Amino acid sequence: MALFPAAAVVPGDVLLEVDDLRTYFDTVSGTVRSVDGVSYQVRAGRTLGVVGESGCGKSVTALSILRLVPTPPGRYAGGQIRYRGTDLLGLTEKQMRQIRGNRISMIFQEPMTSLNPVLTVGRQIAETVMLHQKLGRRDAYRRAEEMLRLVQIAEPERRVHEYPYQLSGGMRQRVMIALALACNPEVLIADEPTTALDVTIQAQIVDLLRSLQQSLGMGIVLITHDLGVVAECCDRVAVMYAGRKVEEAPVAELFDRPSHPYTRALMASMPSMNASTQRLAEIPGMVPAPSELGKGCSFAPRCAYAVERCRAEAPELTEHGSDHVVACHEAARVAAQPGPHAAASAAPGAVLTGVQA
């Protein structure tokens, strides 16, 4: 019997809730708090963008949703991950196999390391369908061809018999999308789906995801470092830093009124066609190691707005406007500054070091 009987997806319905999630790693040098109290929701037909520098916990949060964090050394130290109201952290491994790739799918960062090099792309898609949809071999291969056609790969009846190394980077990424969507999931986690692709192919992949979402009605978590993609594709944005969510708002609100110094500095690192002679902003210093976080705000050592309270007391997420939460003691002062590209003042001298996830 299926754990989650088929149900109609209504646009705007909450499909997935990450509630105060804490994913820790126990190492010889101590406990690493990779994800430390992160919460967000994914709604049907909507896209949530998750942005932040390398090491901020974006991908570990995504892997935690699918229970793919190796335990040990990892462990789920607290919080809940609810899919349609059921806490995934309380399910058995057998029950989780009904979820992974079936109800919740993920596009991983590197197609060449995620696709099996000794199996044809058609077989990899067909095996997923046979496992979750209980189709026969012939119908599963027919489904594989349909999926390759859906993601706009030319000559799918031929490509279905080819191996990953025979395909270009953009085509491999499309195969990853086809593999993730083969079982019609309700939630898609896309972990940097445009990384290492040229800008033309990036635009095609983004357009493809958007059109597939419109036709299938799924909720998407888009993990990226590209704020241009976020502005174009997302309905909401969650900004993460050092394992925590520091700001979340609807995309227009976030770009119009960024209220965390880190968010403003990320935006200041974006080139502007209207300021071609202006030096790009750079955040001084580096993201602290998760094992070296102090008791105050983890961004304080790099922040031009930091006061003594920031170094002594970690800020809680609080409301700053309509549906806009920020974890900053000085959020009101930050929000009062000029627009995003004037946000260079958030980090004097301010290109982002290590923006990629």
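**Close-up 1. Helix H7 is largely enclosed by the rest of the structure, because 12 of its 13 residues are buried.** The model is predicted. H7 covers residues 169–181. From its first C-alpha to its last, H7 reaches 19 Å, close to the 18 Å expected at 1.5 Å a residue. The buried residues include the charged pair Arg172 and Arg174. Gly170, Met171 and Gln173 are buried too. So are Val175, Met176, Ile177, Ala178, Leu179, Ala180 and Leu181.

**Close-up 2. Helix H4 packs against helix H5.** Two packed helices are described by the angle between their axes and the distance between the axes. For H4 (residues 121–133) and H5 (residues 137–150), the angle is about 120° and the axes are 8 Å apart. H4 passes H5 in a right-handed crossing. On the H4 side, the contact involves Val121, Gly122, Arg123, Ile125, Ala126, Val129 and Met130. They meet Arg137, Ala140, Tyr141, Arg143, Ala144 and Leu148 of H5. By type, the contact residues are nine nonpolar, one polar and three charged.

**Close-up 3. Cys233 has no disulfide partner, because the closest cysteine sulfur is too far for a bond.** A disulfide is a covalent bond between the sulfur atoms of two cysteines. Here the cut-off is 2.5 Å between sulfurs. The closest cysteine sulfur to that of Cys233 belongs to Cys234, 6.1 Å away. Cys233 is buried, with a relative accessible area of 17%.

**Close-up 4. Cys297 is also unpaired, because its closest cysteine sulfur is too far for a bond.** That sulfur sits in Cys310, at 6.1 Å. Cys297 is buried, and its relative accessible area is 17%. The disulfide count comes to zero.

Key:
Residues numbered from 1 in each chain as written. Predicted model: local features only at pLDDT ≥ 70, side-chain atom pairs only at ≥ 80, totals over all residues. Heavy atoms only, no water. Helix = DSSP H or I, 4+ residues; strand = E, 2+ residues; numbered from the N terminus. Expected span 1.5 Å × (residues − 1). Buried < 20%, exposed > 50% of the residue type's maximum accessible area, 1.4 Å probe, protein only. Axes fitted to C-alpha atoms, helices over the stretch in contact; angles between N-to-C directions. Left-handed = near helix turned anticlockwise from the far one by under 90°. Contact = heavy atoms within 4.5 Å.
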